[in-house]
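Open the model in your viewer and keep the selection tool at hand. We will go from stop to stop, with a note on what to select and what you will find there.

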Amino acid sequence: MQRIVQSFSQAVVLVAALVMAGCATAPPADDPDAVAEFKQTNDPIEPANRVVYAVNDKIDQVVLRPVAVGYNYVLAPGVRSHIHNLLDNLGNPVTLMNDMLQGKPRRAGDTLMRLVLNTTIGVGGFFDVATGWGWPAHDADLGMTFAVWGAPEGPYLMLPIFGPSNPRDGIGMVGDMAATPTGYLPHGLENTVFGYTKTVVGAVDARAGVVDDLDKIKAQALDPYATIRSLWRQHRQSQIDEAKKPEILTQPSAWGGSK
Amino acid sequence: MLGRRGLAGFGLAIGLLAPFAAWADDTDQAEKFVDKLLKDLSAVVNGGKPVDAQKAAMRQIVFEAVDIDGVARFCLGRFWRTATPQQQKDYTEIFRNVMVSNITGKVGEYQGVSFALGKGQARVEEISVASTVNRPGNAPNKVDWLVANVGGKPRVIDVVAEGTSLRLTQRNDYSAFLQRNNNDVQALIDALKKQAVAAN
């Protein structure tokens, strides 16, 4: 955990240095359309963000993408989905915490059922039995929780390695890492190895799932940086809108109700 | 007894409700339209025909179902007004090519896809029809189809996948490109032409 905080604070320092190196020049006030667009894009430190993006992209080309492609090539889709399920189940405690912080008993119940069913009947999360029985997965993280509480997102931020973010979601990410129960295993070689493995496999799993999509975006976009910014911000907003929706009481399909 | 005021109120209520009735019809029509579109699309990608035949069939469907010219105008945004008529014409033409080849280019990847139609919901100017797209080996995706009445017929004006709008993303891409190229629409047209050559 200390390691994560340390590398994160290093990243913040790097970003701060880059910010001083380059802020986007706002368009002249007599061009209202351009001003509106500048505000809507919400990327005042765009030149610095673009530098970080270029570095991330290089790292991705050299390390992450080849590993992800190899992972997809070597492992059968079934095996990959088991690994994905395991990681998803390890993330359920944090999701549950955020469901509760967001004041969403229904969603918290879904996550609790997922955690219980997949850990037991799903053999430690190897199988995702909960989805088929009417408790599908949803997203909940601390950045979303802050948003539900009314915190503003702040300017768009391209984090080193982690990619698209903003101050609200960046802080949320650190908080979620700190809250992950596997971080509190007793010290020991096995647990250290487990921690590293989980982080690395998690990164590979996440990257491997978007190989085709990201390739397509980079091939088809005239400005991949701007396209990724747009996609990420829209997707984030839709996650938050989903979390803000009032809950409707329904019965899970396993109990004869309809979802 | 219904007095004159009562009748007037009744008339007013009908007048107020009429647009909603029309909306309900439109929503119904939009749901049917998207249902047919999804059935047509899955028939093509799961039909087992050679890839070229699939591409041709899909091209046909896209041209009929999507308001491509409207989407093209939307994607150029504020720069549509600054473009010359010739540039507008060139841009729309190249946009059509790029869009359609982007959609049909990876037709093989959609093998095994299935759709589940959800409910239609009236918005201000369009109707959003929900669906779930299932691809083998992928988590199910929520995809909303925005349908508007264009020239008396329902047409797709946007596709929103997991909360991301296709046309808005495209517009943001173009405007970022234009900003970095002196807001020159001709530069955009040339870049799109290059892209079309690379794709074919």
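Select B:Leu117 and then B:Ser131: the two stand opposite each other, with B:Ser131 in strand E2 of chain B. Widen the selection to E1(B), residues 114-122, and to E2(B), residues 127-134; these strands run antiparallel and are joined by seven bridges. Strands count as paired here if DSSP finds at least two bridges between them. Helices (H or I, at least four residues) and strands (E, at least two) are DSSP runs, numbered from the N terminus.

A word on conventions before the next stop. This is a predicted model, in which local features need pLDDT of at least 70 and side-chain atom pairs count only at pLDDT 80 or more, while totals for chains, interfaces and linings use all residues. Residues are numbered from 1 along each chain as its sequence is written, chains are lettered from A and ligands numbered from 1 in the order in which they are written, and side-chain values use heavy atoms, with hydrogens and water left out.

**Along the sheet of chain B**

Now show the whole sheet: five strands of chain B in the order E1-E2-E3-E4-E5, an open sheet with antiparallel pairing. E1 and E5 of chain B stand at the edges with a single partner strand each, so one side of each has no neighbour in the sheet.

Step from E2(B) to E3(B), which pair in the antiparallel sense over seven bridges. Pick B:Ser128 to find its bridge partner in E3(B), B:Leu146. The hairpin of these two strands has six residues between them, and B:Gly137 takes a positive phi near 80° there.

Stay on B:Leu146 and look to the other side of the pairing: what stands opposite B:Leu146 in E4(B)? The residue to select is B:Asp158. E3(B) covers residues 141-150 and E4(B) residues 153-161, and eight bridges pair them in the antiparallel sense. Two residues lie between the strands of this hairpin, and B:Gly151 in the turn has a positive phi of about 60°.

Finish the sheet at E5(B), residues 164-165, which pairs with E4(B) in the antiparallel sense over two bridges. Select B:Val160 and its bridge partner in E5(B), B:Ser165. This hairpin also has two residues between its strands, and B:Glu162 takes a positive phi near 50°.

**A loop with two asparagines**

Move on to the loop between helix H6 (166-179) and helix H7 (185-199) of chain B, where you will find B:Asn182. Its phi is near 55°, a positive value in a residue other than glycine. B:Asn183 sits in the loop between H6 and H7 of chain B too, and its phi is likewise positive, near 55°. Colour by accessibility: B:Asn182 is exposed at 73% relative accessible area, whereas B:Asn183 is partly exposed at 36%. The cut-offs are under 20% relative accessible area for buried and over 50% for exposed, with partly exposed in between (1.4 Å probe, protein chains only).

**Over to chain A**

Switch the display to chain A, which has eleven helices and two strands. Of its 259 residues, 36% count as buried.

Select H9(A), residues 189-208: this helix of 20 residues reaches 28 Å from its first C-alpha to its last, close to the 28 Å expected at 1.5 Å a residue. That expected span is 1.5 Å times one less than the number of residues. Its buried residues include A:Val204, A:Asp205, A:Arg207 and A:Ala208. They cover an arc of only 160° around the axis, which puts them on the same side of H9(A); the arc is taken from the directions from the helix axis to the C-beta atoms. Among the elements covering them are H3 (46-74), H4 (77-101) and H10 (211-220) of chain A.

Keep H3(A) and add H11(A), residues 224-244: the axes come within 11 Å and cross at roughly 100°. Axes are lines fitted to C-alpha atoms, for helices over the stretch in contact, and angles run from 0 to 180 degrees between N-to-C directions. The two helices are therefore roughly perpendicular, a term used for 65 to 115 degrees. To see the contact (heavy atoms within 4.5 Å), show A:Glu46, A:Asn49, A:Arg50 and A:Tyr53 of H3(A) with A:Pro224, A:Tyr225, A:Ile228 and A:Arg229 of H11(A).

For the last stop, pick A:Trp135 in the loop between H6 (129-132) and H7 (142-148) of chain A. Is A:Trp135 buried or exposed? A:Trp135 is buried, with a relative accessible area of 7%.

Notes: Parallel < 35°, antiparallel > 145°, perpendicular 65-115°, else oblique.
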